[in-house]
Amino acid sequence: MPADQPSRTPRPRRRVPGELRGRAQQVIRAQRPPTVPIGIRGDDNGLTEWHSRAVIDLALRVGETMLATGASASDVTGTVLRLTRAYGVRSVHVDVTYTSITISYHRGVMRDPLTVMRVVPALSSDYGRLEAIHTLVRDIVEEPGEVGVAQDRLESILAMHHPYRRAIVTVAIGLLGASITALLAGSWALIVLSFVISMVIDRVQRFISLLGVSAFFAQAVGAAIPTTVAVLIWTLVPGEERQDLGVAAPSTLVATTIVVLLSGLAVVSAALETLDGYYLTSAARTFEVVILSVGVATGITTVLAIAQRLDADLPFTTASVNVTPNLALGLFASACIAGAHSVASYTGLRGTAFAMFVGAFSWLMYWLTNIWSGLPAVFDDKPLHASNAAGHGLLTAIPATFVAAVAAGFVAQLVAVRYRVPSLAVTTAAIIPLLPGLSLFNGIFQLVHTSSDPTNGVGSLITAAAIGLALAGGITLGALPLRLLRADRVQRRILRRSVADTRG
């Protein structure tokens with residue numbers, strides 16, 4: 001370059017639009033793929049046709065048995081996935097609804113998927129058989145072995161007899177009613193009468209179910225029986241004789257029956273499936289709980305309306321039923337309630353013993369919460385359970401019930417993990433002493449009785465619903481820490497269903 005020629009300043013290189021767009025995308029785009037996979041890839045792992053079909057059939061029958069014996073949808077899904085993975089069958093989709101289970105095995109692009117479905121015609125609580133299924137799956141996961149051997153074990157589980165005769169179950173239902181009456185501070189005469197009436201209700205409901213009548217009408221008939229007995233006692237027996245016989249407060253019979261009839265409802269399973277993301281199954285279970293509860297209310301309302309129409313002096317008042325302030329008696333009655341329900345649900349002896357312990361523990365936590373809230377100061381003239389006392393309302397009933405349910409859920413899950421018993425069997429039995437039978441009865445009475453304020457009846461029914469939600473939510477919340485701590489790969493995959501939005 002000549003010396004007299006001025007030097008030129010280099011012009012900056014112009015950015016290409018494509019380069020700018022690429023850098024902008026690097027700044028904006030996430031650096032990792034989505035944390036929740038959209039789907040599962042096909043798995044063409046070379047398994048034989050016979051092996052795949054045998055494993056899927058075994059998993060389908062195991063899931064069907066669990067669903068029929070009272071297991072939740074999340075438990076059924078997790079168990080089926082663990083079983084199929086143990087035998088090398090992956091890329092499995094499981095869909096569980098209230099009365100059906102579908103398993104689909106995607107074997108790759110070039111092979112037809114294998115999809116099977118089974119409809120569960122009847123659902124009942126059979127926790128002894130459910131425990132045997134859990135043991136079978138646990139043994140398969142630890143040592144798979146031959147599929148044929150597992151199928152033979154499953155056949156023996158399906159064919160095994162119940163651990164208790166049907167007559168023993170009826171006696172257990174009677175003991176359940178008697179223990180609830182004792183918890184409600186009933187007299188010895190009312191305890192014996194509740195024992196007999198609960199057994200009669202069990203036999204009548206079984207007879208109605210064998211005729212193919214809807215469970216709604218069975219609940220209504222079951223609730224009408226003790227209500228009729230209470231009205232007859234008050235109408236036919238003079239006041240002094242009622243005092244002598246110890247049946248001056250027949251309202252206890254009705255309140256006891258409500259708890260007995262509500263004890264078999266799947267409140268815990270419905271709440272668990274809601275939190276786990278199985279909204280369709282949860283909605284079906286919740287609607288069943290509502291319908292059967294309405295059946296109980298219908299039976300009581302019909303009898304009370306007929307008695308009022310006949311100008312009978314209704315024997316019920318909202319303050320006529322108290323809960324025992326005696327801690328020792330409350331613990332003993334709660335343990336008996338949980339044990340009786342466990343026997344009625346065909347739970348094994350070990351599971352029954354744990355249920356009795358957790359039931360007594362939940363009542364202790366309920367009692368201590370009431371002490372902390374200052375309610376024992378009025379033990380002598382007002383009921384302990386706030387669902388039976390208008391002055392306390394939700395301020396004491398809901399926190400005490402929720403705390404007791406959280407404690408019961410945590411201890412039940414701990415027992416299930418340590419001693420390998422179904423946690424559902426323990427928790428379902430443990431919360432029965434806390435069921436809102438008294439609130440439901442008070443709400444029904446206040447709505448039917450002409451001299452009562454219907455507004456109070458609606459408030460009592462709202463209290464009953466709130467107590468039920470506190471029980472379900474407390475149980476699931478108490479079990480959640482251990483479920484998350486011990487969750488394996490399959491369980492974490494299931495828990496993702498309840499995640500609304502991970503945001504990347």
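Hi everyone. Let me start on the outside of the protein: helix H15 (394-419) and helix H18 (454-485) each supply at least two residues of a nonpolar patch. Before going on, please keep in mind that this is a predicted model.

So which residues form that nonpolar patch on the surface? They are Phe402, Val403, Leu477, Leu480 and Leu484, and together they have about 360 Å² of accessible area. The most comes from H18, which gives three residues to the patch. Val403, for its part, is found in helix H15. With a relative accessible area of 32%, Val403 is partly exposed, since that value falls between the 20% limit for buried and the 50% limit for exposed.

Now let me step back to the whole protein. If you are scrolling through the model, you will meet 19 helices and three strands. The protein has 504 residues, and 50% of them count as buried. It exposes about 24800 Å², and carbon and sulfur atoms supply 62% of that area. And here is something about how the chain comes together: take the contacts between residues at least 6 apart in sequence, and 76% of them join residues at least 24 apart.

Let's go inside. How many residues does the largest nonpolar core have? It has 59 residues, and the ones with the most contacts inside it are Leu176, Ile180, Ile258, Ile300, Val358 and Leu471. Helix H10 (residues 251-262) makes the largest contribution to this core, with eight residues. Apart from that core lies another one, of 40 residues, and Val62, Tyr87, Leu136 and Ile157 are among them.

I'd like to pause at Val358. Setting aside neighbours within four places in sequence, Val358 touches Ala408, Val411, Ala412, Val426 and Ala430, in the sense that they are in contact.

A second stop is Thr79, whose place is in helix H3 (residues 73-86). Is Thr79 buried or exposed? Its relative accessibility is 3%, so Thr79 counts as buried, the limit being under 20%. If we again leave out neighbours within four places in sequence, Thr79 is in contact with Val62, Met66, His134 and Val137. You may recognise Val62 from a moment ago, as one of the residues of the 40-residue core.

Last topic: aromatic rings. A search of the whole structure finds four aromatic pairs, and I'll show you two. In one of them, the rings of Phe216 and Phe217 have their centres 5.3 Å apart. Why is this pair called edge-to-face? Because the planes stand at 85 degrees, and anything over 60 counts as edge-to-face. Phe216 is partly exposed, with a relative accessible area of 22%, and Phe217 also counts as partly exposed, at 48% relative accessibility.

The other pair is Phe357 and Phe361, and this one is stacked: 6.5 Å centre to centre, with 15 degrees between the planes. Where do these two residues sit? They are four residues apart in helix H14 (residues 349-372), so about one helical turn separates them. Phe357 counts as partly exposed at 48% relative accessibility, and Phe361 counts as partly exposed at 25%.

That's the tour, from the surface patch to the cores and on to the rings. Thanks for listening!

Terms used. Residues numbered from 1 in each chain as written. Predicted model: local features only at pLDDT ≥ 70, side-chain atom pairs only at ≥ 80, totals over all residues. Heavy atoms only, no water. Core = buried A, V, L, I, M, F, W, Y, C linked by side-chain atoms within 4.5 Å. Buried < 20%, exposed > 50% of the residue type's maximum accessible area, 1.4 Å probe, protein only. Contact = heavy atoms within 4.5 Å. Patch = residues over 30% accessible without salt bridge, like charges linked within 9 Å, V, L, I, M, F, W, Y side chains within 5 Å. Areas by Shrake-Rupley, 256 points an atom, 1.4 Å probe, with all protein chains shown as cover. Salt bridge = Lys/Arg side-chain N within 4 Å of Asp/Glu carboxyl O. Phe/Tyr/Trp six-rings, centres within 6.5 Å; stacked < 30°, edge-to-face > 60°.
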